[in-house]
Amino acid sequence: MMTEPIIRVANLAKLFKVPIREKRGLAAVRSFFYRRFRTVRAVDDVSFSLEPGELVGYLGPNGAGKSTTIKMLTGLLVPTSGQLTVAGFTPWKQRSAYVANLGAVFGQRVTLWWDLPVIDSYELIRAMYRIPADRYNQNLKTFRDLLELDEFIQSPVRSLSLGQRMRAELCAALLHDPRLVFLDEPTIGLDVVAKERIRQFIQHIHRQRGATIILTTHDLADVERLCSRVIILDVGRILYDGELSRLVQRFEGAHELRISAAEDGPALVLPGLPPPRRDGRFLIYSFDPRQTPVAALLQQLNSHVTVADLEVHRPPLEDTIRRIYEQRLLLDDGSHPDSPAGVEKR
Amino acid sequence: MYTFSIYLRLLRAQLRSQFQYRASFWLDVFTTAVFSGVYFLSFALLLERFGQIDGWRLGEIAFLAGMTELTFALMDLIFSGFDPDFFAPNVQMGRLDQIFLRPVSITVQLLGSRLVLRRLGRALEGLVILLFGIFASGMHWTLAKVLYLPILMVSQIFCMGALFIAGSTITFWTVQRVEAVNIVTYGGVEMMSYPMSIYPAWIRRFFTYVLPFIFMNYYPALFFLDKPDPLNMPAFAPFLAPFVAAILFWLALRFWRFGLNHYQSTGS
């Protein structure tokens, strides 16, 4: 089924002029009067598109250009070059009309009125976004239940814990039924339980309301849990745009098989694998599941020793993503049919 | 209408926020009033000794200074969100981004983002000095003066507000607040508290042709106090205040728009 993409980004670039800081001596004095600039390509030829209702993880190390892209998508920054259309708007034009379609949560910022009870902020937001009364009441009721806001909705924002504040912010960002939601580090600094609650809520918003969501996060557990598609950015360019599962399949590092044998014996070396490491009573074999299926491994082992206990460890997603950054692994896998990056790559 | 109702709502939110700290609020108002009162009192005692400055008696100077103090305090209250000292760190912390993301005029949101009620202390002090000036100078009321006084005060508020807006806009380029801006705002206001005729010619010229503050306070005061004009300006000079204020405010808004565009193309 062909639908009109909600976000269409083509060859987007943003260049910044950064003054060169002279460290010492005459140069420092001179730079006070005459500054020299160098150009930094924060975002360099980025292209992708999003269908309505997609939930995409937007990943990259610090300085990769994530927040610059988000700022351009939200209209805070005007691109240096390239095309950008979101929900039929050019984000930095018609600001007021455009931002009414957006919801945004920035994990490290407070958008609610600091000294007022949470509910007062919601009332202000209702007025600013002109949310119809029935819609507002309905949404507020749903979110109060899902995010368990009742315990603190009458308390001033300054008295909330970080987790409570994040829940309050999520509700605030979604009261007006935005078509497009930007979540920037929504789980940062939270404990496991609080993180889980927020993930569940994001999932709900995505499934029940069909909102398009762009999630930037350093917590890859968020991504594993929520996103089927990820876009990975580094030094202003897209390294990967496609399904998370394919990414894992292609770039996951070696798995580990840990076995403990029923009886002591010399460490058994298996053909085609490096010799195992020893960790207490465990022998650890490192293997690549694409070449050596676990079943085959076990069969080999069983014919030599009696396996008393075994565990298979997959490398955490962090490691896989880090490998991609470090080695600048692929530039494109073209797995996403609507991605201009995949289709039109020159 | 919608925008104005949002403005009122935002102001109400600010009021409610401030009343969370009721005790400290009254203390602030009280301290501000006392401090600025003491300042003027010491000046008044000094003037007592000399009798007059450049033909201006204490009551007349009190009229000038009280009016400036009152309108500046009211401006500071209304335009708190544009106070460069507040605005610059606000931008640095990215709070302006949040304002960009709400579907309401950025200017209105900023005006509604801060309301420093303790400025009322200073306004009160200004009002007292103004009233003292009106009585002590033996000002002769006419219908024209009654009508012009509120117009003049509103003009002064917008004129000083223009300075705040321009001063904040500059921080888009400098990132940090600029001390020079404060010299112009606070220095300019300080200048307005005294008869401009006492200053050297080059300062007077600056406040006539560059920043035409002389039309905001000095000439209107000549009109209210029925004093002769030693500078021989045209007779309509006292009534230029609303026009000067309108032009300055319009220019400031243009500059502000330009600054916002710059912010959008460079980020912070």
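# Exercises on a two-chain predicted model

From the N terminus on, chain B runs α-α-β-β-α-α-α-α-α-α-α-α-α-α. This is a predicted model: local features need pLDDT of at least 70, side-chain atom pairs count only at pLDDT 80 or more, and totals for chains, interfaces and linings use all residues. Residues are numbered from 1 along each chain as its sequence is written, chains are lettered from A and ligands numbered from 1 in the order written, and side-chain values use heavy atoms, leaving out hydrogens and water.

**Exercise 1.** Describe the elements and the extent of chain B.

*Solution.*
- Count the elements: chain B has twelve helices and two strands. These are DSSP runs (helices H or I, at least four residues; strands E, at least two), numbered from the N terminus.
- Take the box: along the principal axes, the C-alpha atoms of chain B fill roughly 55 × 45 × 35 Å.
- Test the radius of gyration: a compact globule of 268 residues would have one near 18 Å, and the 19 Å of chain B agrees. The radius is taken over C-alpha atoms, and the globule rule is 2.2 Å times the number of residues to the power 0.38.

**Exercise 2.** Find how much of chain A and chain B meets.

*Solution.*
- Count contacts (heavy atoms within 4.5 Å): 33 residues of chain A touch 30 residues of chain B.
- Add the area: about 2,800 Å² is buried between chain A and chain B, and carbon and sulfur atoms give 53% of this. Buried area is the accessible area (1.4 Å probe) that two parts lose on being put together, summed over both.
- Name the main residues: L76(A), R95(A) and M128(A) lose the most area in chain A to chain B, together 26% of what that side buries.

**Exercise 3.** Locate a salt bridge across the interface of chain A and chain B.

*Solution.*
- Apply the rule: a side-chain nitrogen of Lys or Arg within 4 Å of a carboxyl oxygen of Asp or Glu.
- Count: the rule finds three salt bridges across this interface.
- Pick one: the side chains of K71(A) and D97(B) meet at 3.8 Å, N to O.
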